Each structure stands twice: as structure tokens, then as C-alpha cells.
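Please examine the sequence and the structure shown below. The briefing after them is arranged by topic.

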Amino acid sequence: YPVRNGEGTIIVAWPHDPAWTRPERPAERDPGTLRNPPFGMVLHWPSANEASHSPFLNRLKIATEWRSSPQSGNAQMAWADLVAGGHITATGTINNIPAGHDNLVMDALGYMPAESGASGRYRLFYSSTAPDAGNNIWIMGGASNTDNSVPGQIDFDFTANGSSSVTILIVGVPAPITLTAMVKHDHLDRHAAGEVFDPAWLDVIRNNRVLRFGDWQRVDRYTGSAAWADRTPVNRVTYDGAAGVPFEHWFAVCNLVGADPWINILSPADDTYCTNLAAMARAQLGPSRRIYVELSNKVWDSTNWVTADHFRGLAVAQFGDNSVEACMEAYGGRSAEVFAIWRAEWAGADAARLRTVLQGWTGVAHHDSYIMDAPRWVAAASGRVAPWTLATDFALQNVLDGGLRYDWMPENLAVLDGWF
């Protein structure tokens, strides 16, 4: 799915697998026709300020986090500052505006192009015990024809043209205010029925064997807490800037379109986190779904990703060695521990549905033996086995360049379309 920051969809090929099954769906809910699709797709997370689409009917989920508008002499307060000061809750309910600040601000529908399907009339839903709460919620920027005459909702028009966006301001808080959803009028019935995902987005991702969710958890650059209790809750007003999209949505969309999830576990996730995630996946995934489990992503790329920094620190602590090879050993060793946790949870009849994935890159092929064998990690404690013995798959990232990955070169789209 083309996006504007040069990191478009990555497509990977899957071999034909007669054992792979896809659940039957009513025709109106699943227009896809492939019963054994050969491709997988990496799901990109759209920037709130430069989005090409929204996976969610509730467009607040890809809005920016709350921030303050400071008066002269004060510094802007970001989401974490506002939570720490008690001005908003951890899920985004607004308690008050900080002293020395004029309002709280959130940006939505950021610069979506005309072809995104974002144009139309919207309804912002909110809840508050204050009867005049709606008068304190201003919808600015690209919004027009605003109507707040009905308590609990504000309607407005928006035209997507690639340069417009909507800014939501909270200018007063007579009582706590919670923004609960922002939905196009065309989708109000779906939203009321409890649907979560935009049907146009679902049509894009159907007919894929696997959906890889690494970007939905900011795994490459995430530096926040990796405690299970600090994962993103479903009722957080926006998923932008948090610890990623809630896992519940990952498994729900896979069940809905009949795809297998490929998840990338945060580098610093502890054993409790891994155990709980494994249990959640087993409980929520449909019985015909497999799951691909990979620790982190791009651990070899020390120039761009905090993932490499994490495993380098682990290598220093374990081996007193900060070399790339030691980093790969530490990654392989921790992967083995994670895989063992998942195998214990996905035992019995579920064992065949679990795929455990080690990663590599064609540019540094000599690293592979350190990842798969991790000799110093194995030797450090009794009972340890080489990581490759607990892995079912090896994911090899190939170098595809020649400008083909850049969507601002339109001739490339024709080339890629021709291939696929």
C-alpha cells in the first residue's frame, strides 16, 4: 500500500502449502477468492501527520497524542508530561488544562491525499458529565460546517487533498472529557455494530497468507517500557506514540481476513511479557490460524535501530564483548529463551500451529552461524541448546534496491505491479 514517506508495503513470497487453510467467510465480508495465497504483507503504521490511509473506522486511533499549547515562558507538555501531572489519564481522558497553558491539542486526518477516501462528513463522539462540554471542544484546521448542537457529538466536513488536516482543541474542562471516536458518516452503522476496521483497508490486505505486525509495535525504534502492564490498552484514545497497536486488534484482523499473524516481540520484553502474549494469542486466534513468532527486528543494523543497541548491551553483559558477532549471539540466545516460552504455552494440539523465526540479512551472511549456534550463550549454562534447534523458520531479508522501493518514483510502481 503506497505511503508517502518512502517506506511502502513490503511483500514476501510464501511457498504453496496444502496444509494451510483459510476459514470460509460470507461473501459480503470477504471478497477475496484465493484459497492458498502465496504472499505475505508487512503492515505499515501511518504517521499521524502524513497518513495515506487508516486501518480503523475510528480515525482518532491514528491521531497524534495530546500536547499542550504553552503560554509565553512555558514549555510545551507532551503526553507523558500531561499524564505525570494528572492533567490526562493514561488512556487520554482530559482532567484539566495545566496552568500556564491555553489548551490541549490533537491533530487528526493529517494530510491525507484525495485518493485516501478520507473526504466526507465526520462525527466526533465524546463523553462528559458537563452539559456544556461540547462548547469546549473546538474542531479547527480543515474542518468546516461544524455542528455541536447534539450533546455527546460534533459533526463536521473534511476534504482530503494532501495538505489539509483537522486540529482538535480542548479550551476548557468543566468536567473530565473523553473523546471516544471520530467516524465518517458513511461508517456510523458499522461503528455502532461494533466493527473496528475500515472495509476499504480490509480489501487491500485480503488474500495474504501472512500479516507481519512489526511496525504496529514500533519494534525497530521503541524505547519505552516493555512491561506487560504497560502495553497499549484498546480504549486508549490514540495508538500513535504508544507501545503500538493493541494485540487484540492484531489477532482480530487475522481472524477476520483469514491470515496468519507474524509478530515481532519487543527486544527488552521479559519472560512474563512473552508468556502472557503467548497465552493471549492462543486464546484469541482462530483454531485454523498459525502464528509466526520472531524476537525483535533488524538486530544487525546498528546505524538505524535501537534493536541492535539492546542486543549489543546484552552481549556486553553476557560476554564482555560489544562486537556485532557477540550481538548476534546474544540475539540468538534470547530468541531461544523466547521460543521455549512459546513452545510451553502452545503445547499439545496447538504445537503444529506455532512457527518460531530467526532472522538474517543477505548483506551480513557470516552472522548467521552466530545467531543459530550462539556457542558462548549455550556454554554459559547447563541445559541450553543451539537456537536453531528451537526455530522452525529462517527469515532472510534480501536487499531490493535500484530505486524500486521508493514510491515517489512512479515508474517503479508499474515495474512492481508487473511482477506481482
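The points below concern confidence, a strand sheet and a pocket. The model is predicted, and the mean pLDDT of the protein chain is 88. An open sheet of four strands and a pocket with a volume of about 340 Å³ are described after the notes on confidence.

**Confidence**
- In the protein chain, 87% of the residues reach a pLDDT of 70 or more.
- Residues 1-13 have a pLDDT below 50, and the model gives this stretch 37 contacts beyond near neighbours in sequence.
- Residues 22-31 also stay under 50 in pLDDT; for them the model has 25 contacts beyond four places in sequence.
- Where pLDDT is low, the predicted coordinates should not be read in detail.

**The open sheet**
- The four strands are arranged in the order β7-β8-β5-β10, and their pairing is antiparallel.
- The edges are formed by β7 (143-147) and β10 (178-184). Each has a single partner strand, so one side of each is left without a neighbour in the sheet.
- From one strand to the next, the twist averages 25°.
- Six bridges join β5 (residues 120-127) to β8 (residues 153-158) in the antiparallel sense.
- G120 has F158 in β8 as its bridge partner.

**The second largest pocket**
- The second largest pocket has a volume of about 340 Å³.
- This pocket is lined by 18 residues, of which W79, A90, D230, R236 and A242 are the closest to its centre.
- Its lining consists of nine nonpolar, five polar and four charged residues.

Key. Residues are numbered from 1 along each chain as its sequence is written. This is a predicted model: local features need pLDDT of at least 70, side-chain atom pairs count only at pLDDT 80 or more; totals for chains, interfaces and linings use all residues. Side-chain values use heavy atoms; hydrogens and water are left out. On a 1 Å grid over the protein atoms alone, a cavity is a set of points where a 1.4 Å probe fits but cannot get out, and a pocket is an open set with protein on both sides within 12 Å along at least five of seven lines; lining residues have an atom within 4 Å of a point. Grid points are joined across faces, edges and corners, and a volume is the space filled by probe spheres set on the points. Ala, Val, Leu, Ile, Met, Phe, Trp, Tyr, Cys and Pro count as nonpolar, Asp, Glu, Lys and Arg as charged, and the others, Gly among them, as polar. Two strands pair if DSSP finds at least two bridges between them. Helices (H or I, at least four residues) and strands (E, at least two) are DSSP runs, numbered from the N terminus. Axes are lines fitted to C-alpha atoms, for helices over the stretch in contact, and angles run from 0 to 180 degrees between N-to-C directions. pLDDT is the predictor's confidence in each residue, from 0 to 100. Contact means heavy atoms within 4.5 Å.
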